[in-house]
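Subject: Structure for your review

Dear colleague,

Please find below the structure that I am handing over to you. I would ask you to keep it open while you read the findings that follow.

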Amino acid sequence: MSESVPAFVLGGTGYVAGELLRLIAGHPRLALAAALSDSQPGSSVAAAFPHLRSAYGETRFASMEEIDAAIRRTPRAALFCAAPHGAAAAMIDRLLGAASQAGSRLHCVDISADFRYSSQAQYEAVYKHPHGAPGRIAQFSCAVPEHLAGTPTPHVAHPGCFATAILLASVPLLSLDLIEARLFVAGVTGSTGSGRKPAEGTHHPVRHSDLYSYGALGHRHVPEIAACAHQASGVNAEFNFVPHSGPFARGIHVTVQATLKKPLDSAQAQEALRGFYADSPFVRITESAPRVKDVTASNYANLSAVTNGRSIAVMAVLDNLNKGAAGGAMQWMNRLLGFAETAGLTAPAPGWT
């Protein structure tokens with residue numbers, strides 16, 4: 001069996017970092033080298049993630065200084081960043097610099113928003129603060145794995161979880177010239193998408209047995225969605241997005257609606273999606289309406305489509321922590337390291353979450 005590649009995880013005790021640790025524990029070619037917690041270095045990983053105790057019972061969080069030193073000693077490594085936007089760029093820049101100085105080969109997949117835009121100005125227009133490492137932006141591509149062939153840059157920025165679902169549903173329609181370039185999107189996300197720290201409107205006891213919209217027609221990820229859709233399809237599309245907070249922990253459901261350019265029935269629409277994703281093992285097209293439970297905690301996305309002759313609706317479901325974040329990042333890292341893209345990612349959904 002080939003020697004494992006050391007993996008480093010930034011993001012401390014957050015949900016996405018925990019999902020990355022879970023995926024690394026089951027990966028056939030990766031082994032955790034260290035996980036960062038700047039606020040709690042030396043504390044137990046299992047204390048933060050009790051469900052991972054069997055994999056990391058004796059593992060403790062490292063400091064940035066310890067990870068910097070370890071990367072300098074490691075000839076080849078994988079770096080996953082699930083740190084918050086605004087903080088991630090400087091951390092990544094430091095560690096990529098350390099690897100370069102030591103002659104180490106370090107590939108990074110960033111799950112924050114810091115490298116999702118192709119210019120410093122675009123990022124700063126959305127996030128309203130200076131970019132932490134503008135000199136690194138050109139070293140990152142941003143796309144869902146299904147929409148960009150190969151690895152055109154040494155590092156990758158993974159789109160957000162809502163963005164991933166919307167792009168999977170909309171890019172085929174735009175690329176195949178099936179629709180007018182004005183799309184209407186409604187999406188529902190689970191409470192884990194709001195992060196681990198409780199806040200008014202995002203804390204699960206508040207969300208339980210409730211459903212409400214937020215950021216209607218003004219969600220800050222819309223420019224990211226439009227930019228990735230243009231890169232993948234060549235079409236400048238307008239996305240009108242209304243996100244909702246759902247009363248469940250994990251998962252995303254989006255419905256993308258648009259006007260067809262020419263008549264198409266539902267079976268033809270589903271066949272068009274199947275053809276587009278024929279070589280994408282993690283995207284499945286169903287005849288019936290996709291359900292969140294069928295993909296929760298997996299790296300799979302299920303899509304379906306219906307039409308009424310003039311309009312089309314594409315429904316997509318995925319797990320926000322897995323396919324929409326850690327799993328999609330693992331797909332990219334597999335590709336960057338020359339592994340099979342499916343390595344460590346083919347476990348089915350539990351089904352009864």
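A pocket, as the word is used here, is an open set of grid points where a 1.4 Å probe fits, with protein on both sides within 12 Å along at least five of seven lines. Please note also that this is a predicted model.

The second largest pocket

With that term in hand, the second largest pocket can be described. The space within the second largest pocket comes to about 250 Å³. Its lining is made up of 15 residues. Those that lie nearest the centre of the pocket are Arg116, Tyr117, Ser118, Cys142 and Gln231. By class, the lining holds ten nonpolar residues, four polar ones and one charged one. Two elements, strand β5 (140-142) and helix α9 (222-233), each contribute at least two residues to this lining.

The cysteines

How many disulfides does a search of the whole structure find? The search finds zero. Cys81 is in no disulfide, and the nearest cysteine sulfur, which belongs to Cys108, is 6.2 Å away. A disulfide requires two cysteine sulfur atoms within 2.5 Å, so the distance of 6.2 Å from Cys81 to Cys108 does not qualify. Cys81 is also buried, with a relative accessible area of 0%.

Cys228 is likewise in no disulfide; for this residue, the nearest cysteine sulfur is that of Cys142, at 3.8 Å. Cys228 counts as buried too, at 7% relative accessibility. Its neighbour in this respect, Cys142, was named above among the residues nearest the centre of the second largest pocket.

Two loop residues with positive phi

Most residues other than glycine have a negative phi. Two residues in this model deserve attention on that account. Lys128 has a phi near 60 degrees, a positive value in a residue other than glycine. Lys128 is placed in the loop between α6 (120-127) and β5. Is Lys128 buried or exposed? Lys128 is exposed, with a relative accessible area of 70%.

Leu217 also has a positive phi, near 60 degrees. This leucine is found in the loop between β8 (212-213) and α9. With a relative accessible area of 61%, Leu217 is exposed.

Two buried loop residues with polar contacts

Asn299 sits in the loop between β11 (283-285) and β12 (301-307). Asn299 is buried, at a relative accessible area of 1%. What does the side chain of Asn299 reach? One partner is the backbone nitrogen of Gly328, at 3.4 Å. Another is the side chain of Gln331, with which the side chain of Asn299 makes a polar contact of 3.1 Å. Beyond residues up to four places away in sequence, Asn299 touches Phe282, Asn322, Lys323, Gly327, Gly328, Gln331 and Leu345.

His147 belongs to the loop between β5 and β6 (155-157). At 13% relative accessibility, His147 counts as buried. Its side chain makes a polar contact with the side chain of Tyr277, at 2.9 Å. Apart from neighbours within four places in sequence, His147 is in contact with Leu167, Leu168, Val171, Ala232, Phe276 and Tyr277.

I suggest that you locate each of these residues in the structure as you read.

Yours sincerely

Technical notes:
Residues are numbered from 1 along each chain as its sequence is written. This is a predicted model: local features need pLDDT of at least 70, side-chain atom pairs count only at pLDDT 80 or more; totals for chains, interfaces and linings use all residues. Side-chain values use heavy atoms; hydrogens and water are left out. On a 1 Å grid over the protein atoms alone, a cavity is a set of points where a 1.4 Å probe fits but cannot get out, and a pocket is an open set with protein on both sides within 12 Å along at least five of seven lines; lining residues have an atom within 4 Å of a point. Grid points are joined across faces, edges and corners, and a volume is the space filled by probe spheres set on the points. Helices (H or I, at least four residues) and strands (E, at least two) are DSSP runs, numbered from the N terminus. Ala, Val, Leu, Ile, Met, Phe, Trp, Tyr, Cys and Pro count as nonpolar, Asp, Glu, Lys and Arg as charged, and the others, Gly among them, as polar. Buried means under 20% relative accessible area, exposed over 50%, partly exposed in between (1.4 Å probe, protein chains only). A polar contact is a pair of N or O atoms within 3.5 Å; within protein, one must be able to donate a hydrogen and the other to accept it, and residues adjacent in sequence count only if both atoms are side-chain atoms. Contact means heavy atoms within 4.5 Å.
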